[in-house]
Amino acid sequence: MTSAFDLHCHSTASDGALSPPQVVSRAAANGVRHLALTDHDSVAGIASARRAAEALGVRLIAGVEISVTWERRCFHILGLGVDPTNEILCRGLAGLQRIRRERAAAMAENLARHGIEGSLAAVEEMAGGGMITRTHFARFLVAQDYAASVADVFDRYLVRGKPGYVATRWAGLEEALEWIRAAGGVAVLAHPLRYQLTASWLRRFLSAFQSAGGVGLEVVSGNSSPNQIATCADYARRYRLAGSVGSDFHDPAFPWIDLGRLAPLPPGVEPVWNAFNL
């Protein structure tokens, strides 16, 4: 299935494999007419993506995926329709970018203590000035034959209790939502079922998210099953959150997650793009 909307994707400004213009070009070729570029803790790709979108007749929605810590757990909040030049948002993201640099150095130190040298220089080169994420470390470890796949790396090296893991405190939930509001955007919880929460924990978070001003929930993600979509739609209705759709596209090497290849929103879920008058 193809959707005219894709409100969650990544470029080389964070951990995507394609440049912002290349992401826009691929989205246009796949039939996407409304695209949000949502790099991790960065809006650096928005300007070049917007120029490409104007040339291709795609409506670019400026976005960002903000790393948040709530109750000692990490969540990802999409800011959609933000002003990428807003001072409050940019100052907040600059703080997260500093945390990312510090985390990368600590991860490299941890890996070196386990006999894996040279990771920091490699991921810095890989990122090319963009945000360094765990995905960059995963790609490095696969290239060095420490694991067979990126998914395997995360299980063996980059999660809690493993050699490359570093506990990180990100932005607070209310703090991040204030940045998004200040920049004129709306806050959407990305991929709500990926946090490995019990139903009671997810309900607690959604209550806090809505109370803090959260507007939407990503009901359809790139690899969502029909049952997962139905579950997320139920949460959206229960907490009066608008529904979003986003592939979370990173890399054309993984064709099962591609721009615009998304199921429709289920009935009874208000589309978040109504906030953009599209």
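**Exercise 1.** How much of the chain over residues 5-70 is helix, how much is strand, and how far apart are the end C-alpha atoms?

*Solution.* Start with the setting: this is a predicted model. A UniProt annotation from an unreviewed entry, "domain: Polymerase/histidinol phosphatase N-terminal", covers residues 5-70. Next, take the content: the chain there is 32% helix and 27% strand. Last, take the ends: their C-alpha atoms lie 29 Å apart.

**Exercise 2.** Place Ser42 and decide: is Ser42 buried or exposed?

*Solution.* Step one: find the loop between strand E2 (34-37) and helix H2 (46-56); Ser42 sits there. Step two: check its relative accessible area, which is 5%. Buried means under 20%, so Ser42 is buried. Step three: follow the side chain, which reaches the backbone nitrogen of Ala44 at 3.1 Å. Step four: look for partners beyond four places away in sequence. Ser42 touches Ala13, Gly63, Val64, Leu93, Gln97 and Met131.

**Exercise 3.** Sort residues of H2 into buried and exposed, then explain why the buried ones line one face of the helix.

*Solution.* First, the buried set: Ile46, Ser48, Ala49, Ala52 and Ala53. Now look down the axis of H2. The buried residues fall within an arc of 165 degrees, so they line one face. Turn to the other side of H2: Arg51, Glu54 and Ala55 are exposed there. Then ask what the buried residues meet. They pack against helix H1 (20-29), E2 and strand E3 (59-70).

**Exercise 4.** Which phi does Gly57 take just after H2?

*Solution.* Step just past the end of H2 to Gly57. The phi of Gly57 is positive, at about 75 degrees.

Terms used
Residues are numbered from 1 along each chain as its sequence is written. This is a predicted model: local features need pLDDT of at least 70, side-chain atom pairs count only at pLDDT 80 or more; totals for chains, interfaces and linings use all residues. Side-chain values use heavy atoms; hydrogens and water are left out. Helices (H or I, at least four residues) and strands (E, at least two) are DSSP runs, numbered from the N terminus. Buried means under 20% relative accessible area, exposed over 50%, partly exposed in between (1.4 Å probe, protein chains only). A polar contact is a pair of N or O atoms within 3.5 Å; within protein, one must be able to donate a hydrogen and the other to accept it, and residues adjacent in sequence count only if both atoms are side-chain atoms. Contact means heavy atoms within 4.5 Å. The arc is that of the directions from the helix axis to the C-beta atoms. UniProt positions are given in the numbering used here, feature names are shortened, and annotations may be inferred rather than shown by experiment.
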